[in-house]
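Hi,

Here is the structure I promised to pass on. Have a look at it first, and then read on for what I found in it.

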Amino acid sequence: MKKQEFMKELRESLYHEVSDQEYTNSIQYYSDYIDEAIASGQAEEEIIEQLGNPRLLAKTIIDVKGNQTRDNADDFVYQEGREFKEEDPSQKVRRQWYHKDIPIKWYEKLGMILVGIVFVLIVLGILGVAFSVLWNVVLPIVVIVVIFKLISNFFRR
């Protein structure tokens, strides 16, 4: 495996799993590490082999750094996410919602939408019951009171 392949897999594995800062720091660290080892005379394949599987390395970073990130922040933040294409420095920007510096996954977004829909349905149900009570109980009482007042005013003259 070459550096480019290793870094691509590491990027894909870390993408949206750790904070942007941790993502950038980790990618930069391993890129610099490989470059320095190559400069010191080691073979590229040997260095990559010593580092191991990039997906396993990313999982370790996520487990360690992801948990630290979850403990530090407080609320939802809207940030610009990044999408990388191999070693291409030009980046496509994609909008991403974060909670406590952790990107919100699609299924979490779906869950929030479903909870919102259930909430709206409950509110509409309560309003429907309230309107039904008004229509069936209060309105006839108001009509009877108004008719009674009209009749009593008519006979007082």
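To start with one residue: in which helix is Pro-54 found? Pro-54 belongs to helix α4, which covers residues 54-72. Please keep in mind that this is a predicted model.

Is Pro-54 buried or exposed? Pro-54 has a relative accessible area of 1% and is buried, because buried means under 20%. Leaving aside residues up to four places away in sequence, Pro-54 touches Met-1, Phe-6, Glu-9 and Leu-10. One of these pairings spans a good stretch of chain: Pro-54 and Leu-10 are 44 residues apart in sequence, yet their C-alpha atoms are 5.1 Å apart in space.

Now for the overall layout. The chain has five helices and three strands, and from the N terminus on, the order of elements is α-α-α-α-β-β-β-α. Of the 157 residues, 23% are buried. If you take the contacts with a separation of 6 or more, 59% of them are between residues 24 or more positions apart. The exposed area of the chain is about 11400 Å², with carbon and sulfur atoms supplying 62% of it.

Helix α3 (residues 44-51) is worth a look as well. Its buried residues are Ile-47, Ile-48 and Leu-51. These three cover an arc of only 95 degrees around the axis, so they lie on the same side of α3. What do they pack against? The buried residues of α3 pack against α1 and α2. Just after α3 comes Gly-52, with a positive phi of about 90 degrees.

Between α1 (3-14) and α2 (20-39) there is a loop that holds His-16. At 13% relative accessibility His-16 counts as buried, because the cut-off is under 20%. The His-16 side chain also makes a polar contact, at 3.0 Å, with the side chain of Tyr-15.

Finally, the surface. A nonpolar patch of about 1200 Å² is made by a set of residues that includes Trp-106, Tyr-107, Leu-110, Phe-119 and Leu-127. Ile-117 is also among them, and this residue is found in helix α5, residues 106-156. With a relative accessible area of 43%, Ile-117 is partly exposed, because that value falls between the 20% and 50% limits.

Happy to go through any of this with you.

Best wishes

Definitions and conventions: Residues numbered from 1 in each chain as written. Predicted model: local features only at pLDDT ≥ 70, side-chain atom pairs only at ≥ 80, totals over all residues. Heavy atoms only, no water. Patch = residues over 30% accessible without salt bridge, like charges linked within 9 Å, V, L, I, M, F, W, Y side chains within 5 Å. Areas by Shrake-Rupley, 256 points an atom, 1.4 Å probe, with all protein chains shown as cover. Salt bridge = Lys/Arg side-chain N within 4 Å of Asp/Glu carboxyl O. Helix = DSSP H or I, 4+ residues; strand = E, 2+ residues; numbered from the N terminus. Buried < 20%, exposed > 50% of the residue type's maximum accessible area, 1.4 Å probe, protein only. Polar contact = N/O pair within 3.5 Å; in protein donor to acceptor, adjacent residues only side chain to side chain. Contact = heavy atoms within 4.5 Å. Arc of directions from axis to C-beta.
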